[in-house]
Amino acid sequence: DEPQRMAALWLDSIGYLAAVLLPLMVGLMIVSPDLVPALFGPRWEVSVGVLQILCLYVVIRGLQSWGTVYMDAVGRPEVTLWTQLASLCLTPVGVVIGVHWGIEGVAACFVACQLIAVEIPMLVIVLSHMRLSLRTVAARLVGIAAASLVMAAACLLGRSLLDAIGVGMIGRVA
């Protein structure tokens, strides 16, 4: 019975999630070309692109995770049912399409299907129900995104410099 309070709590929760998920997943995307072979061996290098694509999805899915909780709390669990049903129908189509571009194509099509079937509709419905604008959400996340981009640039530069001076894979991961 307190819609403004629920919206404020939802905004706070995605802010906290973004503060953890965004730098963590961006960092993993950057170090994965060294981390994956260092941990699992050179045969696993082929999985780096898939990991990077799925890191992006983890950020999107994580930030959307409270949408389902919110819809359940306001007595609208059918929204989750319908978006998950749409995902169930669309994902196999995405896999069949993506297979033409290999495992990375499958991962990219999976993410696209989830965006189309679940993430975008859920965001639109949640924001509409809360009477929040996308601009309000973006304003909450812009500082975290900017800090994550600065971190990403520093990590990429650091990784490139370490590679240029001949630091091995384990050293770059560390």
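## A tour of two pockets and two ring pairs

Start by selecting Val59, Ile60, Leu63, Leu123 and Leu141: of the 25 residues lining the largest pocket, these lie nearest its centre. What you have open is a predicted model, so keep that in mind as you click around.

Now colour helix 1 (3–40), helix 2 (48–73), helix 4 (102–130) and helix 5 (134–164), the elements that each give two or more residues to this lining. Which of them gives the most? Helix 5 does, with nine residues. Put a surface on the pocket and you are looking at a volume of about 520 Å³. If you colour the lining by residue class, expect 22 nonpolar residues, two polar and one charged.

**Next stop: the second largest pocket**

Select Asp1, Glu2, Pro3, Gln4, Met6, Ala7, Tyr70, Val74, His129, Met130 and Arg131, which line the second largest pocket. Helix 1 and helix 4 are the elements that give two or more residues here, and helix 1 has the largest share, with four. The volume of this second largest pocket is about 160 Å³. Keep the class colouring on: its lining has six nonpolar, two polar and three charged residues.

**Then the rings**

Hide the pockets and show the aromatic side chains. How many aromatic pairs does a search of the whole structure find? Two.

For one of them, zoom in on Phe40 and Trp44. Their ring centres are 6.1 Å apart with 50° between the planes, a tilted arrangement. Switch on the solvent-accessible surface and check each partner. Phe40 has a relative accessible area of 56%, and since exposed means over 50%, it counts as exposed. Trp44, at 46% relative accessibility, is partly exposed.

For the other pair, go to Tyr57 and Phe110. Draw a line between the ring centres and you should get 5.3 Å; the planes sit at 70°, so this pair is edge-to-face. The cut-off behind that label is an angle over 60 degrees. Trace the backbone from one ring to the other: Tyr57 belongs to helix 2 and Phe110 to helix 4, 53 residues apart, so the pair links distant parts of the chain.

Is Tyr57 buried or exposed? Buried: its relative accessible area is 11%, and the cut-off for that class is under 20%. Its partner Phe110 is partly exposed, at 27%.

Methods. Residues numbered from 1 in each chain as written. Predicted model: local features only at pLDDT ≥ 70, side-chain atom pairs only at ≥ 80, totals over all residues. Heavy atoms only, no water. 1 Å grid on protein atoms, 1.4 Å probe; cavity = no way out; pocket = protein on both sides within 12 Å on 5 of 7 lines; lining within 4 Å. Points joined across faces, edges and corners; volume = space filled by probe spheres on them. Nonpolar A, V, L, I, M, F, W, Y, C, P; charged D, E, K, R; others polar. Phe/Tyr/Trp six-rings, centres within 6.5 Å; stacked < 30°, edge-to-face > 60°. Buried < 20%, exposed > 50% of the residue type's maximum accessible area, 1.4 Å probe, protein only.
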